[in-house]
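The following exercises concern the architecture of one protein chain. Each task is followed by a solution that proceeds step by step.

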Amino acid sequence: MKAASVVRWIVAVAAIAAMLASAISFRAGAQSEYMQGGRMPYDAFDRLARTDLEVPGGTIRVAFAPGDIALSKEKLLDWIKMSARAVTTYYGRFPVKSLRLLLVPVDGARIRGGTTWGYRGAAIRIPFGRDSTEDVLRRDWVMVHEMVHTALPDMPDRYAWLSEGLAVYIEPVARVQAGDLAAREIWQAMMRDMPKGLPLAGDQGLDNTATWGRKYWGGALFCLLADIEIRKATDNRLGLQDAMRGVLAAGGNHEQDWPIERILATADKAVGVDVLTRLHDEMGPKPVTPDLAALWRDLGLKRAGEDIEFDDTAPLAAIRKAITEPRSND
């Protein structure tokens, strides 16, 4: 009798193990369908159930890949709405009329890096930790970063610094303008991180140097300098925000392929000054090292231990305030 019980116990354990292995295999297989390769799985996405979110100027079609998640889908949809609000605040409307947004649950409790495509319609895929909390979503920058990519025409990889630089620079500014982030926090981050974008030995300009620092923070530094120069040339009436709205108004979004010259010329035309083209002529083919210490001083930014202080008497203090002032979605 004891031997029979042992046999039954072994059989039961084996059956449970097989079921768990099957479940794990199914989950891994389901995830691989949505995560493998560097392409958006459009066909797989279109087979999933979707929730449509209407935003100013467009519709976000949200689908969840198979997998368990700790938060309710309503909380995740709120995160998407919050991110879309920041982007529409910056651009005046959502950059594309229709966006496929695929969320793929993965292990952990953080938002992983996303990817944006436009070759069969605008699409974003974001792997997110199945154990993510509301606080993680509230502080997330990835969703806004990827949505910003939808507002720029596709370009050759050589100019990825402009695409990534715009996303790095605009994401926090848009969140501040929408009221989701404090201005002090992003200026502090810029002072800390912009030096990562300065040229190092052997640099050959933004167009010809594909290092991580130059691609992301070198591009962001280009955008900050462009924003300041546009505002100086227009008595602080217009900025990079108006220039990039001009690209969007001319039909330029991530579903289009434009050369960089057309993007910059269209942006310059929108603000009536050739700042972006001129800066690219200077910083694209050769290394340029701006004096960041002087720039922070002129913007009225002072380090105070781990914090910063604002000097509103500084020459460019009004420009600093204008970049991050709260805005409505007009």
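Axes are lines fitted to C-alpha atoms, for helices over the stretch in contact, and angles run from 0 to 180 degrees between N-to-C directions. The model is predicted: local features need pLDDT of at least 70, side-chain atom pairs count only at pLDDT 80 or more, and totals for chains, interfaces and linings use all residues. Residues are numbered from 1 along each chain as its sequence is written, and side-chain values use heavy atoms, with hydrogens and water left out.

**Exercise 1. Determine the order of strands in the open sheet and identify the strands at its edges.**

Step 1. Helices (H or I, at least four residues) and strands (E, at least two) are DSSP runs numbered from the N terminus; the protein has 13 helices and seven strands.

Step 2. Two strands pair if DSSP finds at least two bridges between them. The open sheet has five strands in the order β1-β2-β3-β5-β4, and its pairing is mixed.

Step 3. β1 (50–55) and β4 (115–117) each have a single partner strand, so one side of each is left without a neighbour in the sheet. On average, neighbouring strands of this sheet are turned by 20° against each other, direction ignored.

Step 4. β1 pairs with β2 (residues 58–64) in the antiparallel sense over six bridges. Leucine 53 has isoleucine 60 in β2 as its bridge partner.

**Exercise 2. State which strands helices α3 and α5 touch or cross, and at what angles they run.**

Step 1. Contact means heavy atoms within 4.5 Å. Helix α3 (residues 73–91) packs on the sheet and touches β1, β2, β3 (98–106) and β5 (123–129). The direction of α3 makes about 145° with that of β2.

Step 2. Helix α5 (residues 142–149) lies across β2, β3, β4 and β5, and runs at about 170° to β5.

**Exercise 3. Describe the hairpin formed by β6 and β7.**

Step 1. β6 (residues 301–304) and β7 (residues 307–310) run antiparallel and are joined by four bridges. Alanine 304 has aspartate 307 in β7 as its bridge partner.

Step 2. Two residues lie between the strands of this hairpin, and glycine 305 in the turn has a positive phi of about 70°.

**Exercise 4. Characterise the largest pocket and the largest cavity by volume and lining.**

Step 1. On a 1 Å grid over the protein atoms alone, a cavity is a set of points where a 1.4 Å probe fits but cannot get out, and a pocket is an open set with protein on both sides within 12 Å along at least five of seven lines; lining residues have an atom within 4 Å of a point. Grid points are joined across faces, edges and corners, and a volume is the space filled by probe spheres set on the points.

Step 2. The largest pocket has a volume of about 1,200 Å³. Its lining comprises 46 residues, of which His145, His149, Glu164, Val168 and Tyr216 lie nearest its centre. Two or more lining residues come from each of β4, α5, α6 (160–177), α7 (183–193) and α8 (212–233); α6 gives the largest share, eight residues.

Step 3. There is one cavity of 30 Å³ or more, and the largest cavity has a volume of about 40 Å³. Its lining consists of Met82, Ser83, Ala86, Arg138, Asp140, Val144, Arg175 and Asp180. α3 gives the most to this lining, with three residues.
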